[in-house]
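Reader: Hi! Could you walk me through this one? I'd like to ask as we go.

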Amino acid sequence: MSYFRDNIDRMSGYTPGEQPKDGIYIKLNTNENPYPPSQKVMLAIREAVNDNLRLYPDPIATAARVKAAETLGTKPEWVMAGNGSDDLLSIIIRSFAGQGDKVVFPYPSYMLYKTLAELQDGTACAVEFNEDYSLSGDFIVPGAKVTFIANPNSPSGTMISSGEISEIASAIDGVLVIDEAYADFAEDNCVRLVEKHDNIIVLRTLSKSYSLAGIRLGFCIAQEPLIQGMMKVKDSYNVDRLSIAAVVAALDDQKGMRSHVEKIKETRQHLTKSLEDMGFFVHPSQTNFVLARCAKGVSARHLYLTLKSRKILVRYFDLRRLDDCLRITIGTREEIDTLLKTLKELLETRKPAKTRDACCH
C-alpha cells in the first residue's frame, strides 16, 4: 500500500547533474560558471549578515524586482522573483495546469518540464525536435494550458528565433513559457515580446552568467495580470534576505558579468573546433555548454565513465537521441585543454565499442 497519489507513484522524478562530495574534479557537467561572482556580491552578502536575519525577508523581493526591471528594460510590476528559476517553473505549472491538462514541451529538452507536468497529474506532451533542433509543425498542441520552450535549448544549446517564438505565442491557447536560463550567452532574447503578447512568460536565472548557482534566485517577466495571479501561488517568503542582497549587487555589475561571458564564448569556440577536429559533431551552441555527438563506433557512455575515472565530469544522458552524445560545460581555458588532451588520448587508444554502447547515429 502506498500513501502517495497515483501519479507520484508512477513518475520517476527529475535527476539533477552529479555534485561530487569526494575528491577534486574538473567539473564540466552542470553548466556552472567557472569564474567567481562579482566582488560586489561578496561585499553585499557580508553587509547583509546582521541582526536583521531574525526578520522575515520582503515577501515580494521588491529591491530585486526593481533592479531586474532596470536591467532588463521593463517594469517592476512585470517582474516576479523566485528561489531559482525552477521555483518559478513550479509556480507556473501550479498556476495554469491541473489534472489532465496538456503541458507541451519539445524533446530532447530540459526534463524538469515533464516532471512538473506529472506532479500536477497533467498530460505531458513531448513533441520531437527536428534533427537540427528546429521545432516541428506539430509543436502547437490545441488546448494546451502551458507550453515550455527552453531558448537557448538544453541540452542542445541551439536557438529558436524570436520571430518564430512570437508566431507560436499568437497561435497557442495557453501560456508560453520561454526559459532563457542561457540568454546572456546568446545573440538574441525574447524579453521584448512580453509587451506584445499577454500570454508570454520569460524566465531568467543568475545561476549561469552571473556565477550565482549557489544563491538560488531567478526572475520571470510577464504582463502584470499574470504576475499578480502567480503571486497567489508562490510560497509566502520564497526568496531570502541574503539572496536579495546578492542579486541586486550582481545585477549592478554588468561589466563584470559581460567580461566572464565573453571569455566563455571564446572558450566555447575553441572547444567546438577542437572537438570537430577529433571527429565529433557539435551542435551550434548559444550557451555555456556544447552538445557533442560521438563519431560512429565511439561509445559516449564509455567516454563519460572513463573521463569520470580521471576526475573529469561531463554530462551523459542515457536517453533516446542523446545516448551517443556528451554535454560539456565551458570551463576555464585550462580545464577545457585538459579535457581535450584526455579525450584525444582516449580516442587514440580506444578499443571497438560494444554493441550495446554503440552510437545510434
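Author: Happy to; we can talk about strands, a pocket and cysteines in this predicted model.

Reader: Great. Strand 5 first: how many of its five residues are buried?

Author: Five of the five, across residues 146-150, so strand 5 is largely enclosed by the rest of the structure.

Reader: And which residues sit on which side?

Author: Val146, Phe148 and Ala150 are on one side, with Thr147 and Ile149 on the other, and both faces are covered. That fits a general pattern: in a regular strand the side chains alternate between the two faces of the sheet.

Reader: Which strand pairs with strand 5 over five bridges?

Author: Strand 6, residues 175-179, in the parallel sense. Within that pairing, Thr147 stands opposite Leu176. Strand 3, residues 102-107, also runs parallel to strand 5, and two bridges join them. There, Val103 has Val146 as its bridge partner.

Reader: Nice. Switching to the open sheet of three strands: what's the order, and is the pairing parallel or antiparallel?

Author: The order is 9-10-12, and the pairing is antiparallel. Strand 9 (281-282) and strand 12 (325-329) are the edge strands; each has a single partner, so one side of each has no neighbour in the sheet.

Reader: How many bridges hold strand 9 to strand 10?

Author: Two bridges, with strand 10 covering residues 289-293. Phe281 is opposite Arg293 of strand 10.

Reader: Which helix lies across those strands?

Author: Helix 10, residues 254-277, lies across strand 9, strand 10 and strand 12, and runs at about 5° to strand 10.

Reader: Now pockets. What's the volume of the largest one?

Author: About 1200 Å³. Its lining has 42 residues, and the closest to the centre are Tyr14, Pro16, Gly17, Tyr110 and Arg315.

Reader: Which helix gives the most to that lining?

Author: Helix 5, with three residues. Helix 5 spans 112-119, and helix 4 (85-96) likewise supplies at least two residues of the lining.

Reader: Last topic: how many disulfides does a search of the whole structure find?

Author: Zero. Cys325, for instance, is in no disulfide, and the nearest cysteine sulfur, that of Cys294, is 7.0 Å away. The cut-off for a disulfide is a pair of sulfurs within 2.5 Å, so that pair does not qualify.

Reader: Are those two cysteines buried or exposed?

Author: Cys294 is buried, because its relative accessibility is 4%. Cys325 is buried as well, at 3%.

Note on methods: Residues numbered from 1 in each chain as written. Predicted model: local features only at pLDDT ≥ 70, side-chain atom pairs only at ≥ 80, totals over all residues. Heavy atoms only, no water. Buried < 20%, exposed > 50% of the residue type's maximum accessible area, 1.4 Å probe, protein only. Pairing = 2+ DSSP bridges. Helix = DSSP H or I, 4+ residues; strand = E, 2+ residues; numbered from the N terminus. Contact = heavy atoms within 4.5 Å. Axes fitted to C-alpha atoms, helices over the stretch in contact; angles between N-to-C directions. 1 Å grid on protein atoms, 1.4 Å probe; cavity = no way out; pocket = protein on both sides within 12 Å on 5 of 7 lines; lining within 4 Å. Points joined across faces, edges and corners; volume = space filled by probe spheres on them.
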